[in-house]
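Here is a short tour for a first look. Keep the sequence and the 3D view open while you read.

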Amino acid sequence: MEKFYEKVIQAVHRTRKFIVNPELYHSVDMKGEADFVTAADYAVSSFLEEELHKLAPSVGFMSEEEKPHELPPTRWILDPVDGTTNLV
């Protein structure tokens, strides 16, 4: 089990390449008043969904940037870039 968590942490660390890419965090959409989403949010979400699915295919995945949908009992729930307003 420890190796599993190490692989999850490694995948999260690899998302850094999206967060430090100015092209991705300067591409901004508005979800609501003072509620932003960047291309970095989408890139992190997509990357982690793919990587986590490789590690645990039966576990569901939902990102803050998605519309709510039906999930299995075991799931990942992700806020890809916590503090997007500060990033922007």
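## Aromatic pairs

The structure holds three aromatic pairs. One of them joins F4 and Y5 in an edge-to-face arrangement. Their ring centres lie 5.5 Å apart, with 75 degrees between the planes. F4 and Y5 also belong to one aromatic cluster with W76.

How accessible are these two residues? F4 has a relative accessible area of 22%, so it counts as partly exposed. Y5 is partly exposed too, because its relative accessibility is 46%. Both values fall between the 20% limit for buried and the 50% limit for exposed.

## Confidence

This is a predicted model. The protein chain averages a pLDDT of 86. Of the residues, 93% score at least 70.

Where is confidence lowest, and where is it highest? The lowest is helix α5, residues 84–87, with a mean of 64. The highest is α1, at 94.

## The nonpolar core

The largest nonpolar core has 14 residues. Within it, F18, L24, V44, L48 and L52 touch the most other members. Three elements give two or more residues to this core: α1 (2–14), α3 (22–25) and α4 (39–55). Which of them gives the most? That is α4, with six residues.

Take L24 as an example. Set aside its neighbours within four places in sequence, and L24 is in contact with F18, T38, A39, A40 and A43. F18 and L24 are both among the core residues that touch the most other members.

## A buried loop residue

T15 sits in the loop between α1 and α2 (16–19). Is T15 buried or exposed? Its relative accessibility is 6%, so T15 counts as buried. The cut-off for buried is under 20%.

What does T15 touch? Not counting residues up to four places away in sequence, T15 touches V44, F47 and L48. V44 and L48 also appear among the core residues that touch the most other members.

## The hairpin

Two strands pair here. β1 covers residues 28–32 and β2 covers residues 35–38. They run in the antiparallel sense and are joined over four bridges. In one of the pairings, D29 has V37 in β2 as its bridge partner.

β1 and β2 form a hairpin, with two residues between them. A34 lies in the turn. Its phi is positive, at about 55 degrees.

Key. Residues numbered from 1 in each chain as written. Predicted model: local features only at pLDDT ≥ 70, side-chain atom pairs only at ≥ 80, totals over all residues. Heavy atoms only, no water. Core = buried A, V, L, I, M, F, W, Y, C linked by side-chain atoms within 4.5 Å. Buried < 20%, exposed > 50% of the residue type's maximum accessible area, 1.4 Å probe, protein only. Contact = heavy atoms within 4.5 Å. Pairing = 2+ DSSP bridges. pLDDT = per-residue confidence, 0-100. Phe/Tyr/Trp six-rings, centres within 6.5 Å; stacked < 30°, edge-to-face > 60°.
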